[in-house]
There are 2 protein chains.
Amino acid sequence: MNRPFPHAEIGAAVAALQARLGERAVTSDAVRDHHARDESSHAARKPDIVVFPEATHEVAEIARIASAFQVPIVPFGAGSGLEGAAIPVFGGISLDTSRLDAILEIRADDMIARVQAGVRRQALNHHLRDTGLFFPVDPGADASIGGMVATGASGTNAVRFGVMRENVLGLTVVLVDGRVIRTGGLARKSSAGYDLTRLFVGSEGTLGIVTEVTLRLHPIPDAVSATAGFMTLYGAVAAVVDIKRAGIAIGRVELLDEATVAVIGRRSSLELDPLPTLFFEFHGDAAEVAVLSNTVSEIIAENGGTNLRWLREDAAARALWDARRLAPSWLKAERLGAVSRPSDVCVPVSSLADLVAETRADVAASPVPAYMFGHVGDGNFHCLFVYHPNDPAEEAEAARLGDRIVARALAAGGTATGEHGVGLGKRRWLEREHGSEAVAVMQALKFTLDPLGLLNPGKVLPEPTTLAWPDQLASSF
Amino acid sequence: MNRPFPHAEIGAAVAALQARLGERAVTSDAVRDHHARDESSHAARKPDIVVFPEATHEVAEIARIASAFQVPIVPFGAGSGLEGAAIPVFGGISLDTSRLDAILEIRADDMIARVQAGVRRQALNHHLRDTGLFFPVDPGADASIGGMVATGASGTNAVRFGVMRENVLGLTVVLVDGRVIRTGGLARKSSAGYDLTRLFVGSEGTLGIVTEVTLRLHPIPDAVSATAGFMTLYGAVAAVVDIKRAGIAIGRVELLDEATVAVIGRRSSLELDPLPTLFFEFHGDAAEVAVLSNTVSEIIAENGGTNLRWLREDAAARALWDARRLAPSWLKAERLGAVSRPSDVCVPVSSLADLVAETRADVAASPVPAYMFGHVGDGNFHCLFVYHPNDPAEEAEAARLGDRIVARALAAGGTATGEHGVGLGKRRWLEREHGSEAVAVMQALKFTLDPLGLLNPGKVLPEPTTLAWPDQLASSF
């Protein structure tokens, strides 16, 4: 890391960007430092310059300058990523999308929004407040829509509304040479040609720079929330399987282990038993929820659940989901000066209970505190290790246990990352997850769209990116 | 069309395939003729040989033989396609998937099925009958799962369960050189690397040959069906918009124009008024449907709907959806000796009423009979032209009106094909829909994965496929 990028003419690129963007091309230490990190514990690295484009054509000009001087270009949204995707590990240009903040169009009847990539999800939902519609994907942080496209984000309600992939109808993308393409469209579905939209979703800025996004919106559902404690983790997971197979409309379902429940109990006003616990949201009005609540009660009782509590007041439900959203920061704050590292595996739900139980045994035998919670309806599970960053032994232990979780998930047919993305931290797992032939195809696609490897180098694909690495290409260009 | 493929050594390829596959490599006229066409009116063209592989490794061997002798390879599933994707327009190898018919694994708790590509959707659902689960994507025909992957199929219940793209978790794909890759996995979601699964879904065999598919299953819902006539097409579409925005769980909603309703009325026992009509399916048990039926009744009345009829008997509901499924063949049978050509545009739903009304005006002024119906919840709309194949004037008129529909759909931000695929018929619209830069990216991807252009040549991308056309590449290989 922190190597200079081969053949980059940084000085010339900086001068060209400053000439073009004036005050919106910044080299101050403070601004570069702000763009050197995200919310992860990956090592910071300052970019050489930060640019603040306001329109797609400006992004295209920046890409042409980056290509001309062979300088890396790394998009930066809200900085809320958890795998270092926005860290410019080879320096170069940090492309800050915060001024790409226009909500371009709301088509309420079509339940479609078009936004620039820097729009934050909370701003979009605030803007939608009078329409009865919302954009559901909710990774917790107030991420930018472009960042959520880049990482293939999801969150608590993906079990109901799907992940970014399923909620993006189209994109405007700037290619590395400054060409601008539009993918997808306004139609709800299409079989017209290759699905370029999904190729860019989850590509973390390594194939192109997303500047505009067309999103599906959804009606805000009536919802009733509930909590239930379980004698065993197995019981909690089994109850979720049974509820899903019964076809009941789960809006969200989160699993929290005893350690997490204990911290939430201390920090919030929620009444929770010291047990593995499920937080539920069911969709429907009062009458519909009355219909399904009997079935839910039976299934929970059959699986060793106790104290099913319905939170019929809006304020109580809000407190529940606020607690879920704040839990990671509360857990980190349990240890003064500590940092946290979350695993993000996702497995078929029938494998989840074993995975959680085996991980709990690991954690119990380890000196590093860890907490487990996850989007159990999708099989997506986080184990948050809270360790002291200046204690190499603790850091190594957190890494070792994190690796064991990933290895177990892959053995179960799962993925190293359900929603955080590959970034820096999961690159070395990619071949093990997909096989070397599939990764070779990904590398070929990368080379096709970014032959000099300028777009967010060092991310997603394992190093060396065989075809795309500039050193090896010197002769062919 | 019907040109020979440049550099192809057909005789050597046929000999190699016969040596390898014995009786499962067939050159008889009858079998070749069966693989010369699909359900469309595109011109038939016989392959030179038809092969019937039984396993992925056999498909890989076939691909290696095709590559060695530069012979085209065209997958053939059920032959139920509507845009000619399975027609081997340059001859070569027709790869029939009917013996790739194993259901490999059902994981009921995970609601996942793994199947070989030749499994038919009805066989899969029959196999699932004791699980309470089903695979929902239903294009009407008893298509093969591989064919549905290839075209990005959907159908009446996509409004509820999504299209193929959203119901495929992973694929096994044979690349043109015989390498085998696995994409996706068993996890419900993943952010691990580029989304190769979605790149192959909808690529119609032009990027690789799908041999195995991992599918999402869903619980079979309780459902209640209904019909309603409307004073105007606008009213029918507006009612659907209002029901969707109210967040009501629509399982299916189909729009049928008066002409289609008249034929269904004659051919079935359904009681239908001679009006633009909606066929509905709502999901929920009797109590839940009782809750939503008041809202539905109000919305329908507000939009000029009349005679909302609830079909509470299973037999009545089955008759309704059988009639919808059979309607295209009934419509075609209205004219002895005629063939039919369906448009397949998809637009944002707010544009649908105008599109249908303008098309109806076209049809009213034309001598060629036409019928309109569609998956209105998705904005996907078919106009079926029923013309005599030996009457060039009629055929030209059907083509002219079909073109007008596509042009209108594209002007509204929609797509030339919502679910039938590009095949032969929609290639010339691709640049107009996506722009030349996006199509150039598709061509670059095609060239990356199939540099000699052997995989289903002449499909999807407009001709000449600039980079991938073998003539132009002679010097670089």
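**Sheets, cores and the two-chain arrangement**

In strand β4 of chain A, the residue facing A:P75 is A:L95. That pairing is a handy way into this structure, which is a predicted model. The strands being joined here are β3(A) and β4(A), the latter covering residues 93-96; they run parallel and are linked by four bridges. Strands in a sheet are held to one another by backbone hydrogen bonds, and they can be parallel or antiparallel.

Zooming out a little, β3 and β4 belong to an open sheet of four strands in chain A, ordered β1-β2-β4-β3, and its pairing is mixed. The edges are taken by β1 (25-26) and β3 (73-76) of chain A; each has a single partner strand, so one side of each has no neighbour in the sheet. Helices pack on this sheet too. Helix α1 of chain A, residues 10-21, touches β1, β2 (49-51) and β4 of chain A, and its direction makes about 30 degrees with that of β2(A). Helix α3 of chain A, residues 56-68, touches β2, β3 and β4 of chain A, and its direction makes about 175 degrees with that of β4(A).

Now for chain B. Here an open sheet of four strands has the order β1-β2-β4-β3, again with mixed pairing. Its edge strands are β1 (25-26) and β3 (73-76) of chain B, each pairing on one side only. Between β1(B) and β2(B), residues 49-51, there are two bridges, and the pairing is antiparallel. One bridge puts B:A25 with B:V51 of β2(B). Helix α1 of chain B (residues 10-21) lies across β1, β2 and β4 (93-96) of chain B, at about 30 degrees to β2(B). As for α3(B), this helix lies across β2, β3 and β4 of chain B and runs at about 175 degrees to β4(B).

Helix α3 of chain B, residues 56-68, also contains B:T56. Is B:T56 buried or exposed? With a relative accessible area of 9%, B:T56 counts as buried, because buried means under 20%. Setting aside neighbours within four places in sequence, B:T56 is in contact with B:L100, B:T172, B:V174, B:V180, B:T211 and B:E212.

How do the two chains fit together? A turn of 180 degrees, with a shift of 0.0 Å along the axis, lays chain B on chain A with an RMSD of 0.0 Å. The two copies are therefore related as by a two-fold rotation axis. The interface tells a matching story: 100% of the interface residues of chain B are also interface residues in chain A, so the copies meet through the same surface.

Within chain A there are five domains: domain 1 (10-96), domain 2 (103-219), domain 3 (222-333), domain 4 (335-424) and domain 5 (427-470). The C-alpha centres of domain 1 and domain 2 of chain A are 22 Å apart. Their contact draws on 15 residues from domain 1 of chain A and 18 residues from domain 2 of chain A.

Last come the nonpolar cores. In soluble globular proteins, nonpolar side chains tend to be buried together. The largest nonpolar core here has 84 residues, and A:I145, A:M164 and B:M164 have the most contacts inside it. Beyond its neighbours within four places in sequence, A:I145 is in contact with residues including A:V115, A:F135, A:M164 and A:L215. There is also a second, separate core of 50 residues, with A:V240, A:L292, A:V296 and A:V363 among them.

Technical notes
Residues are numbered from 1 along each chain as its sequence is written. Chains are lettered from A and ligands numbered from 1 in the order in which they are written. This is a predicted model: local features need pLDDT of at least 70, side-chain atom pairs count only at pLDDT 80 or more; totals for chains, interfaces and linings use all residues. Side-chain values use heavy atoms; hydrogens and water are left out. A nonpolar core is a set of buried Ala, Val, Leu, Ile, Met, Phe, Trp, Tyr and Cys residues joined through side-chain atoms within 4.5 Å. Buried means under 20% relative accessible area, exposed over 50%, partly exposed in between (1.4 Å probe, protein chains only). Contact means heavy atoms within 4.5 Å. Copies are superposed by least squares on the C-alpha atoms of residues with pLDDT of at least 70 in both. Two strands pair if DSSP finds at least two bridges between them. Axes are lines fitted to C-alpha atoms, for helices over the stretch in contact, and angles run from 0 to 180 degrees between N-to-C directions. Domain bounds come from an automatic or database domain assignment.
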